[in-house]
4 protein chains.
Amino acid sequence: MQIGMVGLGKMGGNMAERLRRGGHDVVGFDRDPSLSDVASLKELVSRLQTPRTVWVMVPAGAPTQQTIDDLGELLSAGDVVVDGGNSHYVDDQKHAAELAGKGVGFVDCGVSGGVWGLDNGYALMCGGDRPHVERLMPIFETLKPEGEDGFVHAGDVGAGHFAKMVHNGIEYGMMQSFAEGWELLEASDVVKDVRGCFSSWRTGTVIRSWLLDLMVRALDDDEHLEGLRGYAQDSGEGRWTVQAAVDHEVPLPVITAALFARFGSRQDDPPAMKVVAALRNQFGGHATTS
Amino acid sequence: MQIGMVGLGKMGGNMAERLRRGGHDVVGFDRDPSLSDVASLKELVSRLQTPRTVWVMVPAGAPTQQTIDDLGELLSAGDVVVDGGNSHYVDDQKHAAELAGKGVGFVDCGVSGGVWGLDNGYALMCGGDRPHVERLMPIFETLKPEGEDGFVHAGDVGAGHFAKMVHNGIEYGMMQSFAEGWELLEASDVVKDVRGCFSSWRTGTVIRSWLLDLMVRALDDDEHLEGLRGYAQDSGEGRWTVQAAVDHEVPLPVITAALFARFGSRQDDPPAMKVVAALRNQFGGHATTS
Amino acid sequence: MQIGMVGLGKMGGNMAERLRRGGHDVVGFDRDPSLSDVASLKELVSRLQTPRTVWVMVPAGAPTQQTIDDLGELLSAGDVVVDGGNSHYVDDQKHAAELAGKGVGFVDCGVSGGVWGLDNGYALMCGGDRPHVERLMPIFETLKPEGEDGFVHAGDVGAGHFAKMVHNGIEYGMMQSFAEGWELLEASDVVKDVRGCFSSWRTGTVIRSWLLDLMVRALDDDEHLEGLRGYAQDSGEGRWTVQAAVDHEVPLPVITAALFARFGSRQDDPPAMKVVAALRNQFGGHATTS
Amino acid sequence: MQIGMVGLGKMGGNMAERLRRGGHDVVGFDRDPSLSDVASLKELVSRLQTPRTVWVMVPAGAPTQQTIDDLGELLSAGDVVVDGGNSHYVDDQKHAAELAGKGVGFVDCGVSGGVWGLDNGYALMCGGDRPHVERLMPIFETLKPEGEDGFVHAGDVGAGHFAKMVHNGIEYGMMQSFAEGWELLEASDVVKDVRGCFSSWRTGTVIRSWLLDLMVRALDDDEHLEGLRGYAQDSGEGRWTVQAAVDHEVPLPVITAALFARFGSRQDDPPAMKVVAALRNQFGGHATTS
């Protein structure tokens, strides 16, 4: 089917390519003219037959908001917009309401897969009204990996990004679990072949997983990770997961600890621990004057 | 090769069976005469040709200690004992020293795989001197799953159980990660198809794993887990992992949080929270009398 | 000086009383006519001489928003509103902007002290422009406890509630610290006189504090807290503290753990632990079918 | 009464001095001849009249073990040894059993107060048989602060050090609570006068405490703690608290988080976070090659 793709960066560009390989007619727009099929978002809209389908694949926040606003001006009743970026689920509900005022449908879609997605497919979690989702199914079928899994219509608008957010929260906890296990093994002098342990665990154990496979690849390149700093960014979904947990009164100790470990990794000199040091000095300092 | 197997319960019995299927000559002893090939540990030892190999597969703690003590009396210099149970790595070092005094070798072996192991093989992590491990390789080769992975000689005596302990610690963190994500999804009314999310994640996502597969099986049986209590036992390795972390000054926030979540799940009325309630009453209670 | 007090509940009523004892002219309004000096907010405003000062002491959220909106209609340029409730600091900034459009000043003030405050004074943390704060100083001087401490002008609008929020976050961590220590002492059979320990700690130790004093009072009433359930509410500030920490990328493991302990105390059957139980069953369940 | 004091360092020396000021006859021994009243432990014992009382105030672990062993050789039935150092409560039970074999009594005593103790008294938590504790009461009365509190006979042998251990665990949690609150206030640009907030909290708030007083002293010296590194040691009791919690299946999230924050503060480059970085690189790295 025909689809407009807004944002042709690493993710959007590969998704457009996978859709074309699947026989779809993709019209792409990007601010970078060298990537774009059209000169403007307006031209993109004019190139699509009604009812139109436009997939937005731009950074979350202001760029997505701007694109939704612009599409609200350009599209007509009966069209559908998909936000496939990493938007906060609360924003989805706002975007859907804005577009609904003009008769334009809205579907949010969390996308996982990164650069493996072009060849292996993208795991998709979407939220929205059933008729909108059904109209998009040919697109979803082409983007998703082969087989039964890799796609879910999780619920109403916002459900796709909510599900993706929680997926990433789980990912934080799993990554930190492997990380802590590795640190303990390296800290002990009992186990000599830490890399060998992780490698051996890929078969027959409870913890076998794609993350374990990636970890073994990393250790094969650099057995003691000497070339890396213990410094980790976080992408937003982890924070939203913790904030959603607080809003829902759900205790989330593991996922939160994983997020805080990332925050901590970016502190050269943790301010809180200056206070602990200061208090310890107060005990000791008075020792010398009493 | 010939091997004595002490303990023919669910694990030991299946392992003996897998070894026999693999062509080994297994003499089994169990306190339950209906399972046992011989009448006593003494008879088991007498049935083996020197140098003997005896695999101990009994509960950790006192039963393992007793078996090691008894084997120390019965075996001869040049024999080798394998402890395949869930012993604490610190005990391994003691057991090895005890047996070394009689010229008997010792290898510790962490075993993962549960009831899947009979058919699919057991993931093995062993610790001990290279000559002892090498003598046991035909046994390890038969027990382990097919393929490159599933076995590691992790280091000296204790390394096998240390590695298995950390494996289980990682498992605690991963299980809790999935658990927290599920709770948050169920708590929100945005996502309607929580089971569908987990199911969809089996392909194309970062968190795909055997635990995720098991989780989907569980949700297929009981979508909202209504038939279960939120109550989880712990097996010892999680505790040892946390204690080892404290001994090694390694922060382990995620794995520890997963362990504490299990402790907490077994408390009807958490005592600490009585104190919090009491303190809050003190604020309010004095309100009414002031 | 003259001040209008909106909200004459437990907190507002006592504060009005303390102000009157201090010689101020307080005109109080409450929705409950039996508490109120005037029939309406409009009458309250008409009774005050310009430039007016109105202290709002109603529940955070909608009631405070409504009162601010109404005062915005009724007050004149040069008047000042103080929000002494438990508002979120983000709302303060919105309220100040709304009122500023009409030339009305705004000061936010976090108030601590509960029912002890009437006699002992209220600890006050305020935020706002210096001229507004200075005009209010006679009020603050009367409300605060005697002595140097108990009052801070913490910063611009929002700083008062931000400081109060963090105060409460610290309080959560301290309460949980005592709670955990108590639970461990009660769980061990080594220490026989747990109450005696807490009581003894009131002098000469590092942890002596008002919370410890309250705890001893609670244990004096009910040594093993048998009359209480391990169930604790939370008031909002703890949640905002954690969410502010996430927004500021500050790791807050202790305060967050204290908040999550409260969430957990309200769950009869923690959903996350159903997942852990389900996964453990999957291991074992397959054991019976293999 | 007469007492021998073994170990005349900062703690033992001041305690001996406080006892002398209180009218007791103290014979002190230290390995440093310039501090010692006698040439040897043997001479100390010979200088005391039976039944003797000897207070051991040396570092925990090997030095305490050696002193207990030596006293076991030198003392007679009816004498009593007090261990006032920071011993692990498990060691107390062993020491008591060793001495009991010779008819020598044993009391363990946790001591808090640091350098303030000489003038203000030491908070004391002791464990042991009632007759031994009663014989020591004149000593305890002199060492403890004035007033009702500051002393507890917590239970049988080990209870004193157990109680002191938990006291320190609570202290860890409280210090970290203040530390996290301070970090969040400093991270935000809403609050301008962070020191002023802490200072103001000393009166009228829920969190007023000796630790808060110390914190204000520290901030008065160095408002933003710029002269300090965010690096904190831990003394052993925090670790034992966590390990005791695991042994007793008591969830201790706050105290454990405080301990782990100290561990983390001593890592320049947290190894676990290298794994997280490595896994993130694996996602991205493959992006560039696909």
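This dialogue walks through one strand of chain A and the relation between two chains in a predicted model.

Student: Is strand S5 of chain A mostly covered or mostly open, and how many of its residues are buried?

Tutor: Buried here means under 20% relative accessible area. Strand S5(A), residues 105-112, is mostly covered, with eight of its eight residues buried.

Student: Which residues lie on each face of S5(A)?

Tutor: On one side you find A:Gly105, A:Val107, A:Cys109 and A:Val111, and on the other A:Phe106, A:Asp108, A:Gly110 and A:Ser112. Both faces are covered.

Student: Which way does S4(A) run relative to S5(A), parallel or antiparallel?

Tutor: Strands pair when at least two bridges are found between them. S4(A), residues 80-83, is joined to S5(A) by four bridges, and the two run parallel. To find your place, look for A:Val80, which stands opposite A:Gly105.

Student: What unit do S4(A), helix H4 and S5(A) make?

Tutor: Together with H4(A), residues 89-100, the two strands form a β-α-β unit, and it is right-handed.

Student: In which sense does S5(A) pair with S6(A)?

Tutor: S6(A), residues 123-127, pairs with S5(A) in the antiparallel sense, over five bridges. Here A:Cys109 of S5(A) faces A:Cys126 of S6(A).

Student: What turn and shift lay chain A on chain C?

Tutor: A turn of 180 degrees with a shift of 0.0 Å along the axis does it, giving an RMSD of 0.0 Å. This is therefore the relation of a two-fold axis. In chain A, A:Gln243 has the C-alpha nearest that axis, at 2.9 Å. Both copies use the same surface: 100% of the contact residues of chain A recur in chain C.

Conventions. Residues numbered from 1 in each chain as written. Chains lettered and ligands numbered in written order. Predicted model: local features only at pLDDT ≥ 70, side-chain atom pairs only at ≥ 80, totals over all residues. Heavy atoms only, no water. Buried < 20%, exposed > 50% of the residue type's maximum accessible area, 1.4 Å probe, protein only. Right-handed = clockwise from strand over helix to strand, strands pointing away. Least-squares fit on C-alpha atoms with pLDDT ≥ 70 in both. Contact = heavy atoms within 4.5 Å.
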